[in-house]
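Dear colleague,

Please find the structure below, handed over for your consideration. A short account of what was found in it follows.

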Amino acid sequence: MNNTEPFTETMLAGRWRERGQRIRELGREIRRDKSGLAGFIMIALLVAMAVAAPLLAPHDPAAQDLRSRLTPPAWTEKGTPAHFLGTDHLGRDVLSRVIYGSRVSLVVGAAVVLLAGGFGVLMGLLAGYLGGRMDSFVMRWIDTQVAFPGLLLALIILAVVGPSMLTVIVVLALNGWMVYGRMTRGAVLAVRQTEYVEAAEMVGCTSSRIIFRHILPNLTSPLLTLAILEFARIVLAEAALSFLGLGIQPPATSWGLDVANGKDYIFRAWWLVTMPGIAISLTVLAVNLLASWLRLISDPQEREKQFARHMAARDRRAAKRSANAPREKEAAV
Amino acid sequence: MGRYILKRLWHGIIVILGVTVIVFTVTRMIGDPVKLMLPLEATVEQRAVFEKQLGLDRPIPIQFVEFLGDMARFDFGDSLWQHRPAMEIVFERMPYTLGLSFAAIGLAVLLAVPLGIVAALRPGGVSDRSTVFFSLLGLSIPQFWLGLLLIVVFAVNLHWLPTSGAATPTHMLLPAITLALPALARIVMIVRSSMIDELNRQYVKTAFAKGLPVARVVGLHALRNAGLPVVTLVGWELIRAVAGYSVVVETVFAWPGLGMTAMQAIDREDLILLQAIVFTVAILVVLINILMDAAYTVIDPRLKLS
């Protein structure tokens, strides 16, 4: 029985090495795909900005300075470097508000994804694995809730219960768990048919072992892509809710809230609306680029397609060049 | 086919019931509707009178049954804000939202299909990659921000178009563009990917080998076969436009549709009008769903549902 120990150690060491290799491969892949790399860098910068907000922001985002209200950005005529992106109607520094606003977007996005994803995956697992009545109950629930006018209901709930970051998170999660549920159930059903799961069941593996060891690993990459896409959607949704006044409330800072505040000064102070809007757009774009890249590398079919397209485009360009070249030679002669 | 429609109608009824249960619960049980509807200085006696008037002093199950009965008759009571039947207001505003949404999605489809086809014809090429990039960009821009920017650029600086309201047909242009953009981006992506898949199939190569003109093969044969996922998405986008995004876009452009009315009702805490709006929107969504299902059978005759 002693010889099983070194075997297990080799197994574990091998697994860690495999993980290291995979991480290096991922690194290579993302460097190759420039848009994915751009997305990844932008998100990394965003997270760093959100975490280091108290160190980065030149001013307190809620500090009012009525003497310097509506100062334009530093690169314009009346701007000052003290307020690099200008100030709003209460004299609050726009750059600091943008930096602190990233915290809200990231926190709400992550919280909703975790909450909705957790609940959705759980429901999907129950539906797919237990089957029968549970399955039809969950699917019918999903089908019904998907047909609800989600944003309207969210607005009403927020209006009645009172908007705050917590209620926004809960409402957005309630609205958005269904997509995880459907995907998880699909994945579970697909995996359950396979022979290795059947073998595991026959050998006597407990349900939890089958779920964690066989089913969930197949789920991670499509789930991750879905979660990232949902994250982008949630950032936009939170911005819209805050813009309508039913999301994050002052004195907290949210990009959507800033756009709403700046809306009244849109002709006099264009930077109030533009800066938070650019922040939202860049964030969501970065997340979308990352999601595209992730989908590409995790699905071998997509990778093949992209490779084939790349080759086809290259051939077309080469064909065009060689079609032009002989004519030039004739002209020279 | 008839049985399928009945099944969908039944599903629709359950959805509408579910929505109304939620609205009922939220307004009566979680929120305090009387507190919201009465002015702050109302005395206890005035509250009691108001409650009796609205039937809020009766036990919840009875209230709910009454509510269901009212709903079936489309009678939500008088709007607290405008003091006339809430459904009347809803029917007045509904055409604005429907018109804007259909115009927007129609615009999106009209632009997206050619763009997607052009991108699919040369996959990996410049037009393809730029289409994908601009689609991602279009998905990433918040609609309320886009609307504001369009107002500033086109209405204020260039004076080409009006800023807000719904007086003339040109008033619909900017809101329709704003509502259309994310839908445009998503539809382009799906047209492109469906067409790429379709154009790689054997029958397309056979058709080209036969010498059929490119336009005919792509536009007639490939497009029809690639159409199903596109129609699914278009229906989904229409629903999202009517039930969701219209709130934001209508608010930005002061377009007098159901979305803006909902925001106004929320501002004035007019729960009766809100209930009427949510109910109507739920019905609209169900109807659009059924319409889309019927459209499938037209597009793909194999899907004659039995």
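**Findings**

The mean pLDDT (the predictor's confidence in each residue, from 0 to 100) of chain B is 81, and 84% of its residues reach 70 or more. The model scores ipTM 0.84 and pTM 0.85.

This is a predicted model, in which local features need pLDDT of at least 70 and side-chain atom pairs count only at pLDDT 80 or more, while totals for chains, interfaces and linings use all residues. Residues are numbered from 1 along each chain as its sequence is written, chains are lettered from A and ligands numbered from 1 in the order in which they are written.

Between the chains, 41 residues of chain B are in contact (C-beta atoms, placed from the backbone, within 7 Å) with 37 residues of chain A. On the chain B side, α1 (2–30) is among the elements that give two or more residues, and α1(B) provides the largest share, ten residues. By class, that side has 30 nonpolar residues (Ala, Val, Leu, Ile, Met, Phe, Trp, Tyr, Cys and Pro), ten polar (the others, Gly among them) and one charged (Asp, Glu, Lys and Arg).

Within chain B, helices (DSSP runs of H or I, at least four residues, numbered from the N terminus) α9 (residues 202–210) and α10 (residues 214–253) pack at about 150 degrees, with axes (lines fitted to C-alpha atoms over the stretch in contact, angles running from 0 to 180 degrees between N-to-C directions) 11 Å apart. α9(B) is therefore roughly antiparallel (over 145 degrees) to α10(B). Val204(B), Ala207(B) and Phe208(B) of α9(B) meet Val217(B), His221(B) and Ala222(B) of α10(B); these divide into five nonpolar, one polar and no charged.

Yours faithfully

Terms used: Parallel < 35°, antiparallel > 145°, perpendicular 65-115°, else oblique. Contact = placed C-beta atoms within 7 Å.
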